[in-house]
Amino acid sequence: MSASAVHSLWTTAATAAEPISKIDSPKIEYGQLSPTLIVVGAAIIGVLVEAFVPRKHRYYAQLFVSVVALTAAFAAVVALAQGGYGTTKARIAAMGAIAVDGPALFLQGTILLAALVGLFTFAERRLDPEVHGNRVDSFAAQAASVPGSDSEQAAVKAGFTTTEVFPLLLFAVAGMLVFPSANDLLTLFIALEVFSLPLYLLCALARRKRLMSQEAAVKYFLLGAFASAFTLFGIALLYGYAGSVSYGTIAQVVDGTVQNVNPALADTMGNDALLLVGAAMIVMGLLFKVGAVPFHMWTPDVYQGAPTPVTGFMAAATKVAAFGALLRLLYVVLPGLRWDWRPVMWGVAIVTMLGGAIVAITQTDIKRLLAYSSIAHAGFILAGVIATTPDGVSSVLFYLAAYSFVTIGAFAVVTLVRDAGGEATHLSKWAGLGRRSPLVAAVFAVFLLAFAGIPLTSGFAGKFAVFKAAAEGGAAPLVVVGVISSAIAAFFYIRVIVLMFFSEPRPEGPTVAVPSPLTMTAIAVGVAVTLVLGVAPQYFLDLANQAGVFVR
Amino acid sequence: MSFPLLTATAALPAIGAVLTAAVPAARRNAAKSLALVFSLATLALAIVVLVRFDPDGGRYQLTESHSWIADFGVRYELGVDGIGVALVVLTALLIPFIILAGWHDADPLETGDASLSSYAAGRWRPTQGFFALILAVEAMVIISFEATDVFVFYIFFEAMLIPMYFLIGGFGDRAHEHGEEAASTQRSYAAVKFLLYNLVGGLIMLAAVIGLYVVAGNFSLTEIAEARANGTLDMATNTERWLFLGFFFAFAVKAPLWPLHTWLPNAMGESTTPVAVLITAVVDKVGTFAMLRFCLQLFPEASKWATPAILVLAVISIIYGALLAVGQRDIKRLVAYASISHFGFIILGIFAMTSQGQSGATLYMVNHGISTAALMLVAGFLISRRGSRLIADYGGVQKVAPVLAGTFLIGGLATLSLPGLAPFVSEFLVLVGTFERYPAIGIVATFGIVLAALYTLVLYQRTMTGPVKPEVSAMPDLRARELLVVAPLIVLLIFLGVYPKPVTDIVDPAVKQTLSDVHKKDPQPEVEAAK
């Protein structure tokens, strides 16, 4: 099969690419970009709220704006999908910068729902004891005050809360919405930065254990900046190779169907070294965001240090966005190069699955444990990415949707288990939780079983989908490695269940806070999605199947 | 549309599990009665299935088929053949006895520390949980016996591990010779070991299940078996062998076959007696049943290829299990090793590939369920009286508790396959079936019977005869509830020992079918061959 014929398995040519007659006014399809525009607009309104609304009303104003924005954006995504933009009317909008197609809409919908659920955990204000008569959330009273300083005490005493987290969340979501739909490398890079920078900030904003939180943010920022630099360098090299940053043009140059795009770059164009090094560097940047071995070093520290609601949101939504971008890059831009990237991704997937699962065994902190588990899951998803079949795309989409709700739910449960120092994340403190709070422990057990991929949970359906796609795509050895690492991973999930249900509670053990309806909703949504996708996944598999074709 | 009878047999205990779990904490006796009622109703439904099943009818009867996950090629397909019917009825029959026998096993301890009980008042409901979990296991086991879609089978085969795990890890014997803390540690060790062994087996099977889908394009047992039989579905020899091994590994862990058996003694030793019975008499049968249904039908050629190795492992199981049973000092572990020996016989009968062998193996599954339940439950009553599992702590019980000793003896004699009791018929059939084709293996396996006599009779002698130990001198005899558990099982053992025809009539046609799938015919008798 020729390269372009294979390419057409999972992409369709864009319809109605109108010729540009004049250079002056760019044509922007506002309707098709509305999900992103709504979120960006709401984020800007959020900034204005910070500036003009009195402090005591800000929390409710921000919460209202965020909920409305995310709901409206989700409605817009649904409307676009209903309008056929996911299938027959898939097109490239905004002068070639943004693709509006099935994978983009599916992932945007997933990100928006995950963000909405994540938002509820951000807004939770009943877990921490009241400070001077004010209800507080998980975020620092005043981010700018040095930990332990007088100004921090003053801020706490005044009952400040960092309501800026809401616009920051919305900006991050906006970047994430663009990331998987970016159709040229510059848009990709800008989206990367737009969602990364707010996340670096959010990581530093924990109310308790502020030094750890700030340390996590610095690590995340430094390593993230490196990864961004790699990506940017890769983009430059790829531009040098192809003479264009547009996905479609690069793909054509790689295929050899188009030559000499940019006469000014005649010296470098078609230089395979530029292509290989450039592609490798961009993929590296994306693998960093995904948390794949060997680019995973930041994950445990950041997951542990960041405020838990942020960790949950980040673990779910970043992974969705980054895998979306990775899929589009590999399937739309670099299918002609798949004989080169597939062996490398094989290796990455294998070490990611095994590495995540093995290192997780030794963890003693629940957040770190979930971090390594997320690494192992990235490996499973990569197995689906490698399939390079339409089934591979839809299985990855389904897995991401299933995984993100389990993750947010699991981290939401982590916020409930508390002792005097805030959240009790050390595993030894979870001993006997099943005796003290059977319901909370049972819910967490459901999430752990889903992570472990036990049948009748969404984790199993997702794992089955990606492994099936991988096996059909000729990656049977990956399935075997995946199965082995699932077995290893099962061990530490089970260990937590043993701890919760079969160990005696410790007398000075943690208490389980009774949350407001916000966190309850987040957890309930997590459980519901986990069970529905586990027992009756057909509707969502159909959805992912319909959404499995990229536009080019 | 006709009434979905098979779904109902699984749905009823599942509903019962949910309702039982929902009973308020203070009403735990209501939870017990509710669970018992649901298990009896399930038994009634299973008997309806038995009556409606026509042994000479089509291969799979009472079939149901609905679309489930079209994207994975999965259909919710149920159907039973004779083997399935026998095992569904066995399961439904044993669960009420298990529930009755465990009536007080999950009552909350009176001595629990006050801070905990006040903290968790109204929320921690171990009794409800115990009986709900038993019913959940029943539902999943029954649906595993009925599924004719590989994926549906796999899902419940795996999901079953979770309630089993909580049953093993969460509930133990009241008294333990090393105190509650040590018991709790050992229990969770046993539960984790059980889960890991079976999960690894299951995950390896998952790889094979996916491989089967890639090769066959769907999961329907009937469709795949048919396509295999008429040659429309060709598998490369190596592919078939790998897939067979993937399936067989999971079933061999579950069954359990030497050398994958080591989880069983721990799990049976540390769990309460009714749960131990549930493991060995009910849940483990899914493993041997699945060998018959899935390994042989889906991979006939590979099954024949693997037969010599499997027969050797089965014989090792028989002898090794029996030898270790002889050396045990712990009553429950002794029964566990005896079970390993018996599962060796079952697997031997299945892979001897003769109709007598496979009929015997199926009959063995039923009889082993009943006889082990009888022996183990009486042993449990004994242990609960003295508070120790060690054989050395007993002696002369037959003088103080003659009924208990008598029922224990009958259970033991059934375990050693005394003629006149049910297991004799099945063991005899297995050995004859094996002998027809593999005389040497048949001879070695026969030593298993000798060893069985040794471990059973020595167990009886040490615990029941001899001078009465002071600790057992005040031991009460069986109570009414306990007699109600044991007596029907013993009646069944004697009845099926004298008149096994009802079971063999149901099982035989299905066995003939399975044999024809692997293209095996019974060897001609020697005399005729000589002519």
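This is a short conversation about reading helices, strands and contacts in a predicted model.

Me: I have the predicted model open. How many residues of chain A are in contact with chain B?

Reply: A good place to start is to count the residues on each side. Here 30 residues of chain A are in contact with 33 residues of chain B.

Me: Which elements of chain A give two or more residues to that side?

Reply: They are helices H16 (433-436), H17 (438-452), H18 (458-472), H19 (476-502) and H21 (538-546) of chain A. H19(A) supplies the largest share, 12 residues.

Me: And how do the residues on the chain A side divide by class?

Reply: There are 22 nonpolar, 3 polar and 5 charged residues on the side of chain A that touches chain B.

Me: Let's go inside chain B. At what angle do helix H3 and helix H15 of chain B pack?

Reply: For a helix pair, look at the angle and then at the distance between the axes. H3 (residues 82-101) and H15 (residues 355-386) of chain B pack at about 5°, and their axes are 9 Å apart. Angles under 35 degrees count as roughly parallel, and H3(B) and H15(B) are therefore roughly parallel to each other.

Me: Which residues of H3(B) meet H15(B)?

Reply: First, the general idea. An α-helix has 3.6 residues a turn, so residues three or four places apart point the same way. In this case, H3(B) brings B:Ile83, B:Ala86, B:Leu87, B:Leu90, B:Leu94, B:Phe97 and B:Ala101 to the contact. From H15(B) come B:Thr362, B:Met365, B:Val366, B:Gly369, B:Ala373, B:Leu377 and B:Gly380. By class, that contact has 11 nonpolar, 3 polar and no charged residues.

Me: B:Val282 has caught my eye. Is it buried or exposed?

Reply: To judge that, count the C-beta atoms around the residue; 20 or more within 10 Å makes it buried. B:Val282 has 25 other C-beta atoms within 10 Å, so this residue is buried. You will find B:Val282 in helix H12 (residues 273-298) of chain B.

Me: Which residues does B:Val282 touch, leaving out those up to four places away in sequence?

Reply: B:Val282 touches B:Thr91, B:Leu94, B:Val141 and B:Gly369. Two of these names should be familiar: B:Leu94 and B:Gly369 also take part in the contact of H3(B) with H15(B). You can also compare sequence with space: B:Val282 and B:Ala92 are 190 residues apart along the chain, while their C-alpha atoms are separated by 9.5 Å.

Me: For contrast, why does A:Leu48 count as exposed?

Reply: The same kind of count applies, with 12 or fewer as the cut-off for exposed. A:Leu48 has 12 C-beta neighbours inside 10 Å, so A:Leu48 counts as exposed. This leucine lies in helix H2 (residues 34-52) of chain A.

Me: How should I check the length of helix H2 of chain B?

Reply: Compare the expected span with the distance between the end C-alpha atoms. At 1.5 Å a residue, the 25 residues of H2 (residues 28-52) of chain B should span 36 Å, and the end C-alpha atoms are 36 Å apart, which agrees. The buried residues of H2(B) include B:Leu34, B:Phe38, B:Leu45 and B:Val49. As for their partners, the buried residues of H2(B) pack against H1 (5-21), E1, E2, H3 and H5 (126-146) of chain B.

Me: How many bridges join strand E1 to E2 of chain B?

Reply: For strands, look at the direction and at the paired residues. E1 (residues 61-69) of chain B runs antiparallel to E2(B), and 6 bridges join them. B:His66 has B:Tyr76 as its bridge partner, and B:Ser67 stands opposite B:Arg75. The hairpin has 4 residues between the strands, and B:Gly73 takes a positive phi near 70° there. E2 (residues 74-80) of chain B is mostly covered, with 6 of its 7 residues buried.

Me: What is the order of the strands in the open sheet of chain A?

Reply: The order is E5-E4-E6, with antiparallel pairing. E5 (422-423) and E6 (511-512) of chain A stand at the edges with a single partner strand each, so one side of each is left without a neighbour in the sheet. E4 (residues 417-419) of chain A pairs with E5(A) over 2 bridges, and A:Arg418 has A:Glu423 as its bridge partner. Helix H15 (residues 390-416) of chain A packs on this sheet, touching E4, E5 and E6 of chain A.

Methods: Residues numbered from 1 in each chain as written. Chains lettered and ligands numbered in written order. Predicted model: local features only at pLDDT ≥ 70, side-chain atom pairs only at ≥ 80, totals over all residues. Contact = placed C-beta atoms within 7 Å. Nonpolar A, V, L, I, M, F, W, Y, C, P; charged D, E, K, R; others polar. Axes fitted to C-alpha atoms, helices over the stretch in contact; angles between N-to-C directions. Parallel < 35°, antiparallel > 145°, perpendicular 65-115°, else oblique. Pairing = 2+ DSSP bridges. Expected span 1.5 Å × (residues − 1).
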